[in-house]
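User: I would like to go through the assignments in this model and see what each one rests on. Please set each value against its criterion.

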Amino acid sequence: MIKPFARLTSLGGLALALVCGQAAAQYKLVGPDGSVTYTDRPPLTSNVKVTSMARSGAKAPSAAEATLPAELRTAVQRHPVTLYTGTDCAPCDTGRKLLQQRGVPYSERRVITEDDAAALERLVGGRTLPALSIGAQPLRGLSETDWTAYLDVAGYPRENKLPRNWLQAEVTPLTERAAPPARAPAAPPVSQGAPAQATVEPPAPGSIRF
């Protein structure tokens with residue numbers, strides 16, 4: 001059931017949380033030759049071993065994230081965006097288009113089953129679709145004004161700065177699907193030889209035969 005959109009926190013409260021949570025990330029890079037470099041920028045190549053020196057919760061950038069412009073890469077690492085959608089959902093299409101036009105890298109999770117719906121409720125506090133999470137901030141329902149404002153506060157550029165070769169991640173179910181039951185082994189084929197002759201028991205002594 002689609003429920004009305006409900007604001008969970010004020011924009012000002014989110015802004016304070018985001019500003020307080022921002023800190024310069026630092027990385028330890030170990031090159032193929034064993035050389036060690038300390039830097040506040042993630043590497044642009046994938047042939048080095050990266051260790052995050054930031055506080056707990058920070059993560060090293062993926063190879064795809066390393067190709068993003070610095071401003072966009074910082075927003076993605078600090079406040080990753082996840083879009084929750086359903087099938088045959090026109091508002092979901094509108095929300096997806098909003099993120100794509102602005103150039104926001106996001107992961108999309110599809111809500112199909114009852115398990116998916118229950119997981120969505122645990123994550124964002126309701127079953128409204130579409131839903132969006134920006135970092136730890138959940139947003140239920142589509143509101144272009146609110147989505148835009150929260151993305152602004154999270155530091156996402158207002159203009160599309162995605163690389164031309166950027167590939168959007170594939171849509172995945174919100175919950176893992178159970179593996180289908182294993183099929184029973186096929187029965188051995190029936191012999192196609194001549195039919196077996198029925199065994200006729202000899203009549204008992206003294207019995208009548210027809």
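**Contacts, burial and pairing**

Analyst: This is a predicted model. Among the contacts in the protein with a separation of 6 or more, 62% are between residues 24 or more positions apart.

User: What share of the residues counts as buried, and how much accessible surface is there?

Analyst: Of the 210 residues, 31% count as buried. The accessible surface is about 13,900 Å², and 56% of that belongs to carbon and sulfur atoms.

User: Which elements make up the protein, and how do they run from the N terminus on?

Analyst: The secondary structure has five helices and eight strands. From the N terminus on, the elements run α-β-β-β-α-β-α-β-α-β-β-α-β.

User: What is the strand order of the open sheet, and why are β7 and β8 said to stand at the edges?

Analyst: The open sheet has five strands in the order β7-β6-β4-β5-β8, and the pairing is mixed. β7 (137-140) and β8 (172-173) each have a single partner strand, so one side of each is left without a neighbour in the sheet.

User: What makes β4 and β5 a pair?

Analyst: Pairing calls for at least two bridges. Five bridges join β4 (residues 81-85) to β5 (residues 106-110), and these strands run parallel. The criterion is therefore met. Within this pairing, L83 stands opposite E108 in β5.

User: How do you know that β5 also pairs with β8?

Analyst: Two bridges join β5 to β8. The cut-off is at least two, so β5 and β8 count as paired. They run parallel, and R109 stands opposite T172 in β8.

User: Which side chains of β5 are buried, and how are they arranged along the strand?

Analyst: The side chains alternate along β5. Y106, E108 and R110 point to one face and are buried, whereas S107 and R109 point to the other and are not. The chain reaches β5 from β4 through helix α3 (residues 90-102), in a right-handed β-α-β crossover.

User: What puts the buried residues of α4 on the same side of the helix?

Analyst: In α4 (residues 114-124), the buried residues are D116, A117, A119, L120 and V124. They cover an arc of only 160 degrees around the axis, which is why they are placed on the same side of α4. E114, D115 and R122 are exposed on the other side. The buried residues pack against β4, β5, β6 (131-134) and β7.

User: Why is T175 called buried?

Analyst: T175 lies in the segment after β8. Its relative accessibility is 19%. Buried means under 20%, so T175 counts as buried. Apart from its neighbours within four places in sequence, T175 is in contact with T113, D115, D116 and A119.

User: What makes the link between T175 and D116 a polar contact?

Analyst: The side chains of T175 and D116 are joined at 2.4 Å. The limit for a pair of N or O atoms is within 3.5 Å, so the distance satisfies that criterion.

User: Is R102 buried or exposed, and what is it in contact with?

Analyst: R102 belongs to helix α3. Its relative accessible area is 8%, under the 20% cut-off, so R102 is buried. Leaving aside neighbours within four places in sequence, R102 is in contact with T148, L151, D152, Y156, P157, R158, E159 and N160.

User: Why is D88 called exposed, and what is its phi?

Analyst: D88 is found in the loop between β4 and α3. Exposed means over 50%, and D88 has a relative accessible area of 85%, so D88 is exposed. Its phi is positive, about 50 degrees, although D88 is not a glycine.

User: Which residue just after α4 has a positive phi, and where is the cis peptide bond?

Analyst: G125, just after α4, takes a positive phi of about 85 degrees. The cis peptide bond joins L129 and P130, with omega about 0 degrees. P130 lies in the loop between α4 and β6.

How values were computed
Residues are numbered from 1 along each chain as its sequence is written. This is a predicted model: local features need pLDDT of at least 70, side-chain atom pairs count only at pLDDT 80 or more; totals for chains, interfaces and linings use all residues. Side-chain values use heavy atoms; hydrogens and water are left out. Helices (H or I, at least four residues) and strands (E, at least two) are DSSP runs, numbered from the N terminus. Buried means under 20% relative accessible area, exposed over 50%, partly exposed in between (1.4 Å probe, protein chains only). Contact means heavy atoms within 4.5 Å. Accessible areas come from the Shrake-Rupley method with a 1.4 Å probe; for residues, only the protein chains shown count as cover. The arc is that of the directions from the helix axis to the C-beta atoms. A crossover is right-handed if, with the strands pointing away from the viewer, the path from the first strand over the helix to the second runs clockwise. A polar contact is a pair of N or O atoms within 3.5 Å; within protein, one must be able to donate a hydrogen and the other to accept it, and residues adjacent in sequence count only if both atoms are side-chain atoms.
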